Amino acid sequence: SSSLTNHQGFIQSGTGVACRIDFPNIKQLKYLSEKGAIVDAQLVLRPVNNSYSEQYPLADSLKIYVGDNLNRISASLVNSAGTSVFGILNKKSDEFNENIGYLIPIGNFLQKEMLKQSDTRSSLILTLPGISKTVNRIVLGDQKHLNNKILLKIYYISY
């Protein structure tokens, strides 16, 4: 749990360390209105400041998988067209590096989670694309990290 690691999550290729993201309360959205739906959603992951440099650059993308509560991978994360989704690095530098992060479109994933009748919850498992071919690492902040919080943007419509 990131609460035990100073509110940080880790991904390291070469050793097989992956980061898992859960959405424990996503089904609560259905109580916002009698009729409503998720139109789109984006997950923004920010690398922890000073955990990367020119010598230790950030990977251009993250590979995203769907897993269960035992971390068993069931499939790659896909969009509504069935195409694999990657977390793409935004490299636009600003004065304080506030815009640097990975953007992951997860609208299709959350829509399916809300429609599930069972209580089983899926999670996202993040890895680097060359997890078994290279040695690299990324340190990400969680929702309570002091400077580099994870951000979930949900576009919801009530009708």
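Where in the structure is Asn108 found? Select residues 107-115 and you have the answer: Asn108 is in helix α1. Helices here are DSSP runs of H or I with at least four residues, strands are E runs of at least two, and both are numbered from the N terminus.

Before you click further, a word on the model. It is predicted, so local features need pLDDT of at least 70 and side-chain atom pairs count only at pLDDT 80 or more, while totals for chains, interfaces and linings use all residues. Residues are numbered from 1 along each chain as its sequence is written, and side-chain values use heavy atoms, with hydrogens and water left out.

**Stop 1: the whole chain**

Zoom out and colour by secondary structure. The protein chain has one helix and 10 strands, in the order β-β-β-β-β-β-β-α-β-β-β from the N terminus. Its radius of gyration is 16 Å, close to the 15 Å that the globule rule gives for 159 residues, so the chain is as compact as a globular protein of that length. (That radius is taken over C-alpha atoms, and the rule is 2.2 Å times the number of residues to the power 0.38.) Along the principal axes, the C-alpha atoms fill a box of roughly 50 × 35 × 35 Å.

Now switch on the surface. The protein chain exposes about 9,900 Å², and carbon and sulfur atoms supply 51% of that. Accessible areas come from the Shrake-Rupley method with a 1.4 Å probe; for residues, only the protein chains shown count as cover. Of the 159 residues, 37% count as buried. Buried means under 20% relative accessible area, exposed means over 50%, and partly exposed lies in between (1.4 Å probe, protein chains only). As for contacts (heavy atoms within 4.5 Å), residues 24 or more positions apart account for 74% of those with a separation of 6 or more.

**Stop 2: helix α1**

Go back to Asn108 and show its side chain. Is Asn108 buried or exposed? Asn108 counts as buried because its relative accessibility is 17%. Leaving aside neighbours within four places in sequence, Asn108 touches Val78, Asn79 and Ser80.

Next, select the other buried residues of α1: Gly107, Phe109, Leu110, Glu113 and Met114 join Asn108 on that list. An α-helix has 3.6 residues a turn, so residues three or four places apart point the same way. What do the buried residues of α1 pack against? Highlight β3, β4 (61-67), β7, β8 (123-127) and β10 (151-158) to see the partners.

**Stop 3: strand β4 and its partners**

Stay on β4, where six of the seven residues are buried. Strands pair if DSSP finds at least two bridges between them. β4 runs antiparallel to β8, with five bridges joining them, and Tyr65 has Ile125 as its bridge partner in β8. β4 also pairs with strand β5 (residues 73-76), again in the antiparallel sense, over three bridges; there, Tyr65 stands opposite Ser76. Click on Asn71 in the hairpin of β4 and β5, which has five residues between the strands: Asn71 takes a positive phi near 65°.

A third antiparallel pairing takes β4 to β6 over three bridges, with Ser61 matched to Ile88.

**Stop 4: across to β7**

Follow strand β6 (residues 86-90) to β7, which it meets antiparallel through three bridges. Select Tyr102 in β7, the bridge partner of Leu89. Tyr102 is also the bridge partner of Leu45. Four bridges join β3 to β7 (residues 101-105), and these strands run antiparallel.

**Stop 5: out on the surface**

Strand β3 (residues 36-45) holds Val39, which counts as exposed because its relative accessibility is 53%. Add Tyr155, Ile157 and Tyr159 to the selection: with Val39 they form a nonpolar patch with about 450 Å² of accessible area together. Patches are made of residues with over 30% relative accessible area and no salt bridge; like charges are joined within 9 Å, nonpolar side chains (Val, Leu, Ile, Met, Phe, Trp, Tyr) within 5 Å.

**Stop 6: the salt bridges**

How many salt bridges does the structure hold? There are two, each a side-chain nitrogen of Lys or Arg within 4 Å of a carboxyl oxygen of Asp or Glu. Show Arg20 and Asp22, where the closest N and O atoms are 3.0 Å apart. Arg20 is partly exposed at 33% relative accessibility, and Asp22 is partly exposed at 41%. Finish at Arg72 and Asp68, whose side chains meet at 2.7 Å, N to O.
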